[in-house]
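The following exercises introduce a protein chain step by step. Each task is followed by a worked solution.

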Amino acid sequence: MRKLVEGVLDFRRRLAPSLRGLFADLSRGQKPDCLFVACSDSRVVPNLFSSTYPGDLFVLRNVGNIVPPAQTDEGDMLSEGAAVEFAISVLNVPDVIICGHSECGAMIATGALVNPAIRDKPKLPEHVQGWLKFGYPSGRRYLGGEVLDDSWAPHDQLSQVNVLQQLDHLHTYPIVKERVKEGKLGLHGWWYDVARGEVHVYDKDQHKFVQLDETAAKKILKV
């Protein structure tokens, strides 16, 4: 708590004065560049590794950077679906990024839970166990043989497959299918290497994640 409180005081002294104009503009509304879905992991800081400012990203964070499939039963509706629909329908974001990361605890647990060869299952709190069921399709997909890059540790391989699975879940939302069909929405898979501070992007042509360098950037931006 001390670090947070002292951080706020430092922000007031050093940074806030230079950003007052930006804050004033943002008080009149937001127009973010994308919906950014990331894990709650404290080591993953989207604004830091994307060099973005307040107002640039509409961020959805949860355990495992998961987007549950669209629900038809009102009683099962989750906040993730509300964030997806709000970002696309109301804010009209032109892009959605699902960003996984290395050493993801959610994926380590998911891999153990879905693997029948592992008998000693992790003992997780009730809500965590229930939430990770949305990651089971990713686990089964990985155990079924889908590997994007076997140079990574197994749990990191699963984490990468999970990004693709969550992109598939996005397609269950009518507004997503509609905007993609109209060419008004782009869907992107990113993966953050915590140890190196490097961002990797999913390349459909290579069916793998590649480092987001100048070459990959030109391909994404079509320049």
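Accessible areas come from the Shrake-Rupley method with a 1.4 Å probe. The model examined here is predicted.

**Exercise 1. Describe the chain as a whole.**

Step 1. The accessible surface of the chain comes to about 12900 Å². Carbon and sulfur atoms account for 55% of this surface.

Step 2. Take the secondary structure next: the chain has nine helices and six strands.

Step 3. Consider the extent of the fold. The C-alpha trace spans about 55 × 50 × 45 Å along its principal axes. For 223 residues, a compact globule would have a radius of gyration near 17 Å, and the 19 Å of this chain agrees with that.

Step 4. Turn to burial and contacts. Of the 223 residues, 41% are buried. Among contacts between residues at least 6 apart in sequence, 61% join residues at least 24 apart.

Step 5. Finally, examine the charges. The chain carries 26 positive and 28 negative charges, and the mean positions of these two groups are 3 Å apart.

**Exercise 2. Determine which elements supply the largest nonpolar core, and identify a second core.**

Step 1. The largest nonpolar core has 40 residues. Those with the most contacts inside this core are Leu-35, Val-67, Val-84, Ile-88, Ile-98, Leu-170 and Val-176.

Step 2. At least two residues of this core come from each of the following: strands E1 (34–39), E2 (57–62) and E3 (95–101), together with helices H3 (79–90), H4, H6, H7 and H8 (174–181). H7 gives the largest share, six residues.

Step 3. Take Ile-88 as an example. Apart from residues up to four places away in sequence, Ile-88 touches Val-93, Val-96, Ile-175, Val-176, Arg-179 and Leu-185.

Step 4. There is also a second, separate core of 14 residues, with Cys-34, Ala-38, Tyr-192 and Val-199 among them.

**Exercise 3. Explain why helix H4 is described as largely enclosed, and name its packing partners.**

Step 1. Helix H4 covers residues 105–114, and eight of its 10 residues are buried, so the helix is largely enclosed by the rest of the structure.

Step 2. The buried residues are Ala-106, Met-107, Ala-109, Thr-110, Gly-111, Ala-112, Leu-113 and Val-114.

Step 3. These buried residues pack against three helices: H5 (126–131), H6 (136–143) and H7 (154–170).

**Exercise 4. Classify Asn-162 as buried or exposed, and list its contacts.**

Step 1. Asn-162 is placed in helix H7.

Step 2. Residues under 20% relative accessible area are buried. Asn-162 has 0% relative accessibility and therefore counts as buried.

Step 3. With residues up to four places away in sequence left out, Asn-162 touches Gly-64, Asn-65, Met-107 and Ser-138. Met-107 is one of the buried residues of H4.

Step 4. For a distance in space, take Leu-78: this residue and Asn-162 are 84 residues apart in sequence, with their C-alpha atoms 19 Å apart.

**Exercise 5. Characterise Leu-26 and Gln-211 by place, accessibility and contacts.**

Step 1. Leu-26 is in helix H1 (residues 2–26), whereas Gln-211 is in strand E6 (residues 208–211).

Step 2. The partly exposed class lies between 20% and 50% relative accessible area. Leu-26, at 28%, therefore counts as partly exposed. Gln-211, with 37%, is likewise partly exposed.

Step 3. Beyond its neighbours within four places in sequence, Leu-26 is in contact with Pro-54 and Gly-55. The C-alpha atoms of Leu-26 and Pro-54 are 8.1 Å apart, although 28 residues separate the two in sequence.

Step 4. Gln-211 touches Glu-198, Val-199, His-200 and Ala-216, not counting residues up to four places away in sequence. Val-199 belongs to the second core. Tyr-192, another residue included in that core, lies 19 residues from Gln-211 in sequence and 9.4 Å away, C-alpha to C-alpha.

**Exercise 6. Examine the backbone at Asn-92 and Glu-103.**

Step 1. Locate the residues. Asn-92 lies in the loop between H3 and E3, and Glu-103 lies in the loop between E3 and H4.

Step 2. Read the angles. Phi of Asn-92 is near 55 degrees, a positive value in a residue other than glycine. Glu-103 also has a positive phi, near 55 degrees, and is not glycine either.

Step 3. Check the accessibility. Asn-92 has a relative accessible area of 42% and is partly exposed. Glu-103, with 38%, is partly exposed as well.

Notes:
Residues are numbered from 1 along each chain as its sequence is written. This is a predicted model: local features need pLDDT of at least 70, side-chain atom pairs count only at pLDDT 80 or more; totals for chains, interfaces and linings use all residues. Side-chain values use heavy atoms; hydrogens and water are left out. Buried means under 20% relative accessible area, exposed over 50%, partly exposed in between (1.4 Å probe, protein chains only). Helices (H or I, at least four residues) and strands (E, at least two) are DSSP runs, numbered from the N terminus. Contact means heavy atoms within 4.5 Å. A nonpolar core is a set of buried Ala, Val, Leu, Ile, Met, Phe, Trp, Tyr and Cys residues joined through side-chain atoms within 4.5 Å. The radius of gyration is taken over C-alpha atoms; the globule rule is 2.2 Å times the number of residues to the power 0.38. Lys and Arg count as positive and Asp and Glu as negative; His and the chain ends are not counted. The place of a charge is taken as NZ of Lys, CZ of Arg, CG of Asp or CD of Glu.
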